[in-house]
Amino acid sequence: MKPDLERLTRDNIVDFIGSIFERRGGEEYLGEPVTMGEHMLQGATIAEQNDQPEEIIVGALLHDIGHFTSEFGTFSMDDTEDRHHEDAGAEVLERFFPPVITDCCRYHVAAKRYLCATKPDYFDRLSEASVHSLNLQGGPMTSDEVAEFEKNPNLKQIIAVRYLDEAGKRAGMETPDYWHFAPMVQRMVDLHCGPAVPEC
């Protein structure tokens, strides 16, 4: 269900996201061998284990938050139309997080399309569910779409989170819970929501 964005502030956004993980993190993740929460926590954990910057860790942690906040509900293997979860997630994040974090959410689907167009072997990494959603999301990018996508100043980080997206599907992998990462999430909020950003 789409949240009431007007009730969210810099002081409650981190706990709000935590409540999503607690209430809905156990939901099935698109036919994968992990739950939604496990998937996002795995991506963040892998990034942390590999000494990635906090923006990549938080980007991986939050990239799929739109599955929980989309007014269209969550994806299933029976879908015949895209649910645009990346846009739903970015809408929640953009007021409170630096653009690089929001872009990792907003463009992680586009990054899949981009990599399928520019690195043919990337397609072989995709799970059955990812292939199904790719077909609903427009398939590999055209050359014009590739050229436009490459103009994004956060391209490197978006691609890094995309690879973590594919990596975070390991049955039985142990990870910390969301609250381990919460101080990091708060630092990203504080970085963005300074005095010059009164809408936070």
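## A walk through the helices and what holds them together

A search of the whole structure turns up ten salt bridges. Keep in mind as you look around that this is a predicted model.

Let's start with a pair of charges that spans a good stretch of sequence. Arg10 and Asp190 meet through their side chains in a salt bridge, at 3.7 Å from N to O. The two partners come from distant parts of the chain: Arg10 is in the segment before helix H1 (13-24), Asp190 is in helix H11 (residues 178-192), and 180 residues separate them. Arg10 is partly exposed, with a relative accessible area of 28%, and Asp190 also counts as partly exposed, at 40%.

Other salt bridges join residues that you can find quickly by number. Arg24 pairs with Glu27, their closest N and O atoms being 2.7 Å apart. Here Arg24 counts as buried because its relative accessibility is 19%, and the cut-off for buried is under 20%. Its partner Glu27, at 27%, counts as partly exposed. Then there is Glu148 with Lys151, where the closest N and O atoms are 3.2 Å apart. Glu148 is partly exposed at 49% relative accessibility, while Lys151, at 60%, counts as exposed. Charges also team up in a bigger group: Glu32, Arg162, Asp165, Glu166 and Lys169 are linked in a network of salt bridges.

Now for an acid without such a partner. Asp64 sits in the loop between helix H3 (54-62) and helix H4 (66-69). What does a buried Asp64 have in place of a salt bridge? The nearest side chain of opposite charge belongs to Arg162, and it is 6.9 Å away. A salt bridge needs the nitrogen within 4 Å of the carboxyl oxygen, so that pair doesn't qualify. What Asp64 does have is a polar contact, side chain to side chain, with His39 at 3.2 Å. Leaving aside residues up to four places away in sequence, Asp64 touches Tyr29, Met36, His39, Met40, His85, His108 and Asp165. Two of those names tie in with other parts of this tour: Asp165 belongs to the salt-bridge network, and His108 is one of the buried residues of helix H7.

That brings us to H7 itself, residues 108-118. Nine of its eleven residues are buried, so the helix is largely enclosed by the rest of the structure. The buried set is His108, Val109, Ala110, Ala111, Lys112, Arg113, Tyr114, Leu115 and Cys116. What do these residues pack against? Their neighbours are helix H5 (85-93), helix H6 (99-106), helix H8 (128-136), helix H9 (143-149) and helix H10 (155-167).

Next, the aromatic rings, which make five pairs in the model. One of them is Phe21 with Tyr178, a stacked pair at 5.0 Å centre to centre with 25° between the planes. Phe21 lies in helix H1 and Tyr178 in helix H11, so this pair ties together parts that are 157 residues apart in sequence. Both Phe21 and Tyr178 are buried. Another pair, Tyr107 and Phe149, is edge-to-face, with 6.3 Å between centres and 70° between the planes. Since Tyr107 is in the loop between H6 and H7 and Phe149 is in helix H9, the pair ties together parts 42 residues apart in sequence. Tyr107 is partly exposed at 28% relative accessibility, whereas Phe149 counts as buried at 7%. Going back to the stacked pair, Phe21 and Tyr178 join Trp179 to form one aromatic cluster.

Finally, the cysteines. The structure holds one disulfide, and it joins Cys193 to Cys200 with the sulfurs 2.0 Å apart. The link is left-handed, with -70° about the S-S bond. Cys193 is buried, at 0% relative accessible area, and Cys200 also counts as buried, at 13%. Why is there no bond between Cys104 and Cys105? The closest cysteine sulfur to that of Cys104 is the one in Cys105, but it is 8.9 Å away, which is too far for a bond. Cys104 is buried, with a relative accessible area of 0%, and Cys105 counts as buried at 1%.

Terms used
Residues numbered from 1 in each chain as written. Predicted model: local features only at pLDDT ≥ 70, side-chain atom pairs only at ≥ 80, totals over all residues. Heavy atoms only, no water. Helix = DSSP H or I, 4+ residues; strand = E, 2+ residues; numbered from the N terminus. Buried < 20%, exposed > 50% of the residue type's maximum accessible area, 1.4 Å probe, protein only. Lys, Arg positive; Asp, Glu negative; His and termini not counted. Polar contact = N/O pair within 3.5 Å; in protein donor to acceptor, adjacent residues only side chain to side chain. Contact = heavy atoms within 4.5 Å. Disulfide = S-S within 2.5 Å. Phe/Tyr/Trp six-rings, centres within 6.5 Å; stacked < 30°, edge-to-face > 60°.
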